[in-house]
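Visitor: Could you take me on a close look at the surroundings of the ligand? I'd like to hear how the protein chain is arranged around that spot.

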Amino acid sequence: MTTIPVALGSRSYDVVIEAGVLARAAEWLKPLSRGRRMAIVTDENVLQHLATLQASLTAAGVESEAIVLPPGEGTKSWAMLEQLTDRLIDLGIERGDHVVALGGGVIGDLVGFACSILKRGCGFVQIPTTLLAQVDSSVGGKTAINSRAGKNLVGAFHQPALVLIDPDVLDTLPLRHVRAGYAEVVKYGLIDDPAFFDWCEANAPALLAGDSAARAYAIAHSVAAKARIVAEDERETTGKRALLNLGHTFGHALEAEAGFSDRLLHGEGVAAGMALAFGYSAAHGLAPAIDAERVAAHLRAIGLPDDVATAGIAADGETLVAHMLHDKKMDAGTLPFLLARGIGATFLDTSVDLADVRAFLDA
Ligand SMILES: NC(=O)c1ccc[n+]([C@@H]2O[C@H](COP(=O)([O-])OP(=O)(O)OC[C@H]3O[C@@H](n4cnc5c(N)ncnc54)[C@H](O)[C@@H]3O)[C@@H](O)[C@H]2O)c1
Ligand SMILES: O=C(O)C(=O)C[C@@H](O)[C@H](O)[C@H](O)COP(=O)(O)O
Ligand SMILES: [Zn+2]
C-alpha cells in the first residue's frame with residue numbers, strides 16, 4: 001500500500017493506493033460514516049465497482065444509497081447539479097457527512113462541486129475509477145461543472161477528506177479512456193520532470209496494456225507530483241499550480257469546439273494542447289524544435305492527437321482563440337500561456353500575443 005499525503009494544513013488528507021482496496025473500502029469509510037447511511041454517486045458504466053464497494057460497506061454494517069447518473073461530459077451540467085443536490089438533500093445529507101464520488105473525473109468534479117455548496121459545504125471522498133481520475137482529478141480539490149460558454153467555468157476549490165485508489169478497477173476501462181488518462185500522466189514529465197518523460201516513452205506501451213507494475217508506478221508518481229504542486233499553491237495564485245494547466249488552454253478550446261462531447265475526450269484535448277504548446281514554443285524560438293517533435297511523436301505513437309486536425313476539429317485560429325478568452329487564467333484582460341523551454345521545463349508566459357496564437361493555429 002502506498003499512502004501519499006496532500007499537505008494542506010487543516011484540509012490535509014491521504015491518497016491511499018493499493019490494488020484491491022475497493023473491496024476493503026469500508027476500513028476507511030466506516031469511521032467517516034458516523035454510523036449513518038452513506039450516499040455513493042456513480043455513473044451507469046461503473047455499476048460493477050459500485051457492487052464491490054457496497055458489499056464492503058454492507059459487510060462492515062454501513063448502510064449505503066447509490067445515486068447513478070448518466071456517463072459522459074454532459075453530466076457536468078447545471079441540470080445534473082440540481083438533480084444531484086436535490087437527491088442529496090432528500091437523503092438527509094448533513095454537513096458532517098461524507099458523500100462518496102465513485103467514478104471518473106466527471107463524477108468527481110460534479111460531486112465535489114455539489115458537496116462544496118450543499119448546506120454551504122459537506123464532506124466527500126474520491127474513489128476514482130479512470131486512469132485520468134486516479135492520476136489527476138481526484139487530487140487537489142478543483143471541482144466544477146461546465147457552463148454554456150466553456151469548460152469548468154462554474155466551480156469551487158473543495159478538498160476531499162480522502163482519496164482511495166484501486167488500480168485494478170482500470171481493468172474494465174475502455175482503451176480509449178486509458179489513453180486519454182495517459183495524457184495527464186505524461187503531462188507531469190513535460191512540466192518539470194524530464195526523467196519521468198523518459199520513463200513514459202519507455203513504459204507507455206506496458207501501461208496502456210494494463211501492466212500492473214507500470215500502472216502502479218505511473219499512478220503513484222503522478223499523485224506525488226500533483227500533491228507536491230497543490231500543497232505549494234492550493235488555489236492557483238502563485239503560478240505554480242497553473243503548470244498543471246499545460247495544454248489546457250488549447251485543449252479546452254478544442255473541447256468547446258467539439259461541444260464537450262465524446263467527439264473529443266478531455267485527455268485527448270490535453271494531448272493535442274500539449275503538442276500545440278510545445279509546437280508554439282519551438283516556433284517562437286523558446287524550445288528546441290527537436291523537443292517539440294519528440295513530444296508530438298510520442299503522443300502520436302500511442303494513438304493520441306497531436307494537433308488541431310488529428311483532434312478532429314476543423315475550426316480556425318480566430319474561433320479557437322475566442323474560446324480561450326473564457327480561460328480562468330485570464331488576468332486583467334491578458335491570457336497567460338503555459339509554454340516550454342524544453343521537455344520538463346514548462347513556464348507561464350504572460351507576454352503571448354493572441355494574434356500570434358491565431359496565426360500559429362491557422363498555419
Ligand atoms: N478536477 C481536476 O483537477 C480535473 C483534472 C483533470 C480532469 N478533470 C475533468 O475530468 C473529466 C474527465 O474525466 P474522465 O476522463 O475520468 O472521464 P469520465 O468521468 O467521463 O470517465 C470516462 C468514461 O469511463 C467510464 N468509466 C469510469 N470508470 C470506469 C471503469 N472502471 N470501467 C469502465 N468504464 C468506466 C465512464 O462512465 C465514462 O464513460 C473532465 O470533465 C475533466 O475536465 C478534472
Ligand atoms: O488541478 C489542476 O490545477 C489542473 O489544472 C488539472 C487539470 O488537469 C484539470 O483538467 C483542471 O480541471 C483544469 O483546470 P481549469 O482551472 O483550467 O478548469
Ligand atoms: Zn486536465
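Guide: Sure. One thing to settle before we start: the domain bounds used here come from an automatic or database domain assignment. Keep in mind, too, that this is a predicted model. That assignment splits the protein chain into domain 1 (2-172) and domain 2 (175-362), and the shell around ligand 1 takes at least three residues from each of them.

Now zoom in on the ligand itself. There are 32 residues around ligand 1, and the ones that come nearest are Asn45, Pro71, Gly104, Gly105 and Ser137. As for elements, those that give two or more residues to this shell are helix H4 (105-117), helix H5 (131-137), helix H6 (175-192) and helix H10 (266-283). By class, the shell around ligand 1 holds 16 polar, nine nonpolar and seven charged residues.

Zooming back out, the centres of domain 1 and domain 2, taken over C-alpha atoms, are 25 Å apart. Where the two domains touch, domain 1 puts in 30 residues and domain 2 puts in 33. On the domain 1 side, two or more residues come from each of strand S1 (2-6), strand S2 (13-17), H5 and strand S8 (150-157). H5 gives the most there, with five residues. So keep an eye on H5: this helix also gives two or more residues to the shell around ligand 1. The domain 1 side of the contact divides into 17 nonpolar, nine polar and four charged residues.

Technical notes: Residues are numbered from 1 along each chain as its sequence is written. Chains are lettered from A and ligands numbered from 1 in the order in which they are written. This is a predicted model: local features need pLDDT of at least 70, side-chain atom pairs count only at pLDDT 80 or more; totals for chains, interfaces and linings use all residues. A residue is near a molecule or strand if its C-beta atom, placed from the backbone, lies within 6 Å of it. Helices (H or I, at least four residues) and strands (E, at least two) are DSSP runs, numbered from the N terminus. Ala, Val, Leu, Ile, Met, Phe, Trp, Tyr, Cys and Pro count as nonpolar, Asp, Glu, Lys and Arg as charged, and the others, Gly among them, as polar. Two residues are in contact if their C-beta atoms, placed from the backbone, lie within 7 Å.
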